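Open the model in your viewer and keep the selection tool at hand. This tour goes from one stop to the next and says what to look for at each.

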Amino acid sequence: MLGKLDWSAIPFDQPIPLIAGAIVLVGILAVLTWVVVKGHLPYLWHEWITSVDHKRIGAMYILLASVMLLRGGSDAIMMRIQQAIAYQSQGYLPPEHYNQIFSAHGTIMIFFVAMPFVIGLMNLVVPLQLGVRDVAFPTLNSVGFWLTATGALLVNLSLVIGEFARTGWLAFPPLSGLSYSPGVGVDYYAWSLQISGVGTLVAGINLVTTVLKLRTKGMNYLRMPMFCWTTLASSLLIVAAFPILTATLAMLLLDRYLGFHFFTNEAGGNVMMFMNLIWAWGHPEVYILVLPAFGIFSEVVSTFSGKALFGYRSMVLATMAICVISFMVWLHHFFTMGAGPDVNAIFGIASMIIAVPTGVKIYNWLFTMYGGRIRFATPMLWAVGFMVTFIIGGLTGVLVAVPPADFILHNSMFLVAHFHNVIIGGVLFGAFAGFEYWFPKAFGFRLDERWGKLAFWFTFTGFYVTFVPLYVAGMLGMTRRLQHYNVAAWRPWMIVAAVGMAVLSIGVICQIMQLVVSIRNREALRDRTGDPWDGRSLEWATSSPPPVFNFAFNPDVRGEDAYWDMKTHAKQQLLEHEVPEYQDIEMPRNSPTGFVCAFFATIMGFALIWHIWWMVILGGIGAFATFVVFAWRDHDEYVIPAAEVAAIDRVNLEERRSLVSLAGAI
Amino acid sequence: MAMTATVGHAHADPHHIGFVVEHPGPAPKRTVTAYGFWVFLLSDIVMFSCFFAAYAVLVSQTADGPKGSEIFEQRNVAIETVCLLLSSFTCGMASIAADVRNRFWFYLGMAVTCVLGLIFLAIEFKEFADLVARGYGPSRSAFLTAFFSLVGCHGLHVSAGVLWLLTMMAQVFAKGFRADVLRRMMCFALFWHALDIIWVGVFSVVYLLGSGV
């Protein structure tokens, strides 16, 4: 009846996951009770859960990423404490639990923190920057988000029902095969990634189509803000790379469920094929994450230097070069696995070549700052911190791209330090910069600068105190994923890294405090003009938060830095004196399709993990029925009458006019 | 809704490269939908390419089991191919009928497409069932694993296509040739033709090359 599921799935003998699970459960119940008692449920359902508005969906992606960042961060804290105390002892985490923690940490941080964070920012900002009213497929956008949330839910479910994978974040066979991992851990891993992978693919298709087909009048390719370009490159990579992940995990699942022989040791299976396939996805994935961050930094550096981006066209070229070359370097993830010197040399050279366009970008940012009037607001701090940190990470990356060096550093703590250096210093700093920069646009008030700067400095310092010791430990020969060790020379570095982790945690607390303080002071921090940073691109041309239709009129773009152009060319005055002729606007109706579909996907995923076949069929039928019901509806759009558009737009025009009169002529 | 492009002059362009073709603004919905679906199809083809690659890697790993030439039956594969290629033609007829809003020819075209798709699936199912009955199931060897996965993945796509086809017929029956229904019909046709292209690949790589070895 319930497949493999019975009471032994609940880890009653392990206090840590049980207590953690109980705390989370109490937390969720408390929030739900508060929502229901306060009567917020209808608001939540109509305005958020069923929303197909790209801004709302973007905000929900970012919320999901932030919550999961806390989960993945707790895993990190547990690992650092374990390695600090597990010298010539077992520490406090038994091996099978420790292995689940490092697997969950990697899986969560990449798939459920970094991915939703950048996809959320792209969703939120790109249609605004392109001057359009929504993404290409609004309902599909909602489906994509909720499927990502399903994946996150399943990963967290494994904490209290069953177990998670003990195989590392990429689940290499034969370890992840049925003979060495008979439990449900790998199944939790694979099914949550399959489901959230569909969501990611949908988001990628949506964004590619949005950028290529939905730009406002005059928004030629070479007038698009840099963030739109990096979004395009990143989404193209999603479309080209995620199907590889889907196929690879499908093969692994076939091996596990139906006794196939793709990656087994018996009957001619080929384990190296898994390495090649997973990294053919995995390396582009690195750039899927970091390219949008590069876009964010381009926007931030240019805005806070008060200058147009230096070398815009070379930036576009560098972005697209990275997009292509990222598919040609995957083998550097397994130089040591016997490909031979010729192949290794080619991939080593390709890996160094891809550092060139990245270097071009760094110089462009530096030259953008050169001679500019730099304002060190919080987003700019993250951007400068990124440049310093990312260069160090890039240099250690070029080091491990040299095959002979890689033979020594492979799978060591040096490697761990390197990829955290680029992912934290690149993606996470970028996500935080974007969060600080676009928060006023999304919610209509700025974030508190004092707490923001504190958060930056603690995170920045904490990062170095944590990860520089890991470089040293790696040089001293420490391999990654050790549950305990007996080498005295490593011990001090592990203790320093644990202290660094504490500093990093203070940074996280500062960030939470920043949010709390800012929400409390939101009236004082209110952004009335819609342009709090003196911005340059179109998202600042509408109010904060933007109306549901984004722009009363689709803007007419005449050059790069469209909004800056409008401001300097006295278009503002034109806007002031002309009484625009408002028109009715059609917008897509909200739809519970995404939520309902994800509900069935959750049931199906859970049933597949536990081999509850009738429930799988039920979930499948439910998901199909949801789509049919959606396809059958008669009214998929509603009209906002011109008068209402006018009323909303005038408020914002008033505010902008008062700004203009305050500043004199722009 | 034809897209028009206006030509601006050099001063509109900061880099002074001469004439600039001004982007005319958002594309019409039909274009956007078709474009997005094309992008999806490309991603689907990337997924198939992984199964093709796996097949190419594992084709010689027969683990003392049968080789391709020992299990492939040319006659059946020929019938399958004819069915699928014909169904692409009838699907095209149904699309044209939908464009001119002719219900009779639409239903007829779709029904024939459906029957041809089902015949294809039945033959494939029988081929699989026979192999499994002879002990040559996917767990027998890595070659059979790759064979069953590649051909089966295509078969699953055709099954999903048949389900979609029936849904489209029901939708035209209930809603008529509405703009959104026509857009979906266009996507369905693209999907069905793409499956045909993939079958040409499967036919060549698996059955033609395989029966020689």
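## Starting with chain B

Chain B holds six helices and two strands; helices (H or I, at least four residues) and strands (E, at least two) are DSSP runs, numbered from the N terminus. The model is predicted, so local features need pLDDT of at least 70 and side-chain atom pairs count only at pLDDT 80 or more, while totals for chains, interfaces and linings use all residues. Residues are numbered from 1 along each chain as its sequence is written, and chains are lettered from A and ligands numbered from 1 in the order in which they are written.

Colour chain B from its N terminus and you will meet its elements in the order β-β-α-α-α-α-α-α. Now pick helix 5 of chain B, residues 142-175. Its 34 residues should span 50 Å at 1.5 Å a residue, and the end C-alpha atoms are 48 Å apart, which agrees; the expected span is 1.5 Å times one less than the number of residues. Just after helix 5 of chain B comes G176(B), with a positive phi near 75 degrees.

## Where the chains meet

Next, show both chains. Here 42 residues of chain A are in contact with 38 residues of chain B, contact meaning that C-beta atoms, placed from the backbone, lie within 7 Å. On the chain A side, helix 6 (185-213), helix 7 (226-258), helix 8 (271-305) and helix 20 (613-632) each supply at least two residues. Helix 7 of chain A gives the largest share, 10 residues.

## Into the core

Select A114(A), V118(A), L121(A), F297(A) and Y55(B): these have the most contacts inside the largest nonpolar core, which has 244 residues. Such a core is a set of buried Ala, Val, Leu, Ile, Met, Phe, Trp, Tyr and Cys residues joined through C-beta atoms within 7 Å. A residue is buried if 20 or more other C-beta atoms lie within 10 Å of its own, exposed if 12 or fewer, and partly exposed in between. Helix 4 of chain A (residues 95-130) provides the largest share of this core, 22 residues.

## Unusual backbone spots

Most residues other than glycine have a negative phi, and most peptide bonds are trans. Go to A267(A), which is not a glycine yet has a positive phi of about 55 degrees. A267(A) sits in the loop between helix 7 and helix 8 of chain A. Finish at P173(A) and P174(A), where the joining peptide bond is cis, with omega near 0 degrees.

Note on methods
Contact = placed C-beta atoms within 7 Å.
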